[in-house]
Amino acid sequence: MSLFDDYAEYESTLQQQQQQRGSSSVSPPTTNGNLDRPQDGLALNINGLAADGYVATTLEAEDAPIFSLDTVQFQVPNQIISLAVSNDVLVLVIEGARILRIKLQEAHNIIEASVPVNPTSLRACNAFLDPTGRHLLLSTPQGESFYFYEGWEQAKPLSKFKNMEITAVAWNGMAWSTATSSTRTILLGTHDGKVYETELRPGNDAKAKRSDIPVKCIAELPVRERVTGIAMEAFPARRKQHLVLIATGTRMYQVIGAADLELQSGDKSAAFEAMMH
């Protein structure tokens, strides 16, 4: 569900609550010729608003907490470097250059894979898991990037992602409900204030040692700061019109323009390049 869908659902719920409150009629208090004061012995209380202006904010008994914290019967074999959760899939990157992929509905079935680096050299990395839980992108402070797809035994180095530490990813909502194995067009934010465009796809050779997925720099922020968050959303009525939000430690950037995300896979042109300039 997109940000716009969340907002529409919130507005609909709010209007229904207001209509329900308005439909419960409250008889006005009887007065003795004095409109400023209700009849003695009556307290004015309309929709929870007391005469003194106090509104009770206590949660109703049936309201459940939004979040809960529970323990699990799982002993992590090594120190956790990074983790990500999406679509009931938990991915742990642990010391020793190992990846643990766990479907939370089948927690007993743990898939283990490796990262093709010296096991003692992987001490820190950023992990990004797409909304389907199939595509995993890893990026280290040294500027190395790796791609892992469900079912693989080993992540693959991204040979064209050189000297870029990925710090944020904007996933493409068009890929969530399709049967394609591609992420479609996505945006990447980096430690040095740049925005890249790419498309992750597993390819036909699962045993290939590396991946030659192309990536293109489409923008540099006016203030070269670390990108801490990036998101993109299509306008509901105009699918080629997009909103891109980019956040850094001190600023937030908003870009609105046209981008055709329905370009065929492998098209060398960048869908967001013209929009971001």
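Start with I99, L138 and L188 in this predicted model. Within the largest nonpolar core, which has 35 residues, these three touch the most other members.

Next, colour the strands that build this core. Those giving two or more residues are strand 1 (80–86), strand 2 (89–94), strand 5 (126–129), strand 6 (135–139), strand 7 (145–149), strand 9 (166–170) and strand 10 (186–190). Pick out strand 7: the largest share of the core, four residues, comes from there.

Now zoom in on L138. Leaving aside residues up to four places away in sequence, L138 touches V93, I99, V115, C125, N126, A127, E144, S145 and F146.

Move on to a second core. Select I230, V244, F272 and M276. They are among the 21 residues of another core, which lies apart from the largest one.

Then select strand 14, residues 241–248. Is this strand mostly covered or mostly open? Mostly covered: six of its eight residues are buried.

Look at the neighbours of strand 14, one at a time. Add strand 13, residues 227–234. Strands 13 and 14 run antiparallel and pair over seven bridges. Show A231 and L245 together, since they make a convenient pair to display. L245, in strand 14, is the bridge partner of A231. The two strands form a hairpin, with six residues between them.

Finish with strand 15, residues 252–258. Strand 15 also pairs with strand 14 in the antiparallel sense, over seven bridges. Show I246 and find its bridge partner in strand 15, Y253. Strands 14 and 15 form a hairpin too, with three residues between them.

Methods. Residues numbered from 1 in each chain as written. Predicted model: local features only at pLDDT ≥ 70, side-chain atom pairs only at ≥ 80, totals over all residues. Heavy atoms only, no water. Buried < 20%, exposed > 50% of the residue type's maximum accessible area, 1.4 Å probe, protein only. Pairing = 2+ DSSP bridges. Core = buried A, V, L, I, M, F, W, Y, C linked by side-chain atoms within 4.5 Å. Contact = heavy atoms within 4.5 Å.
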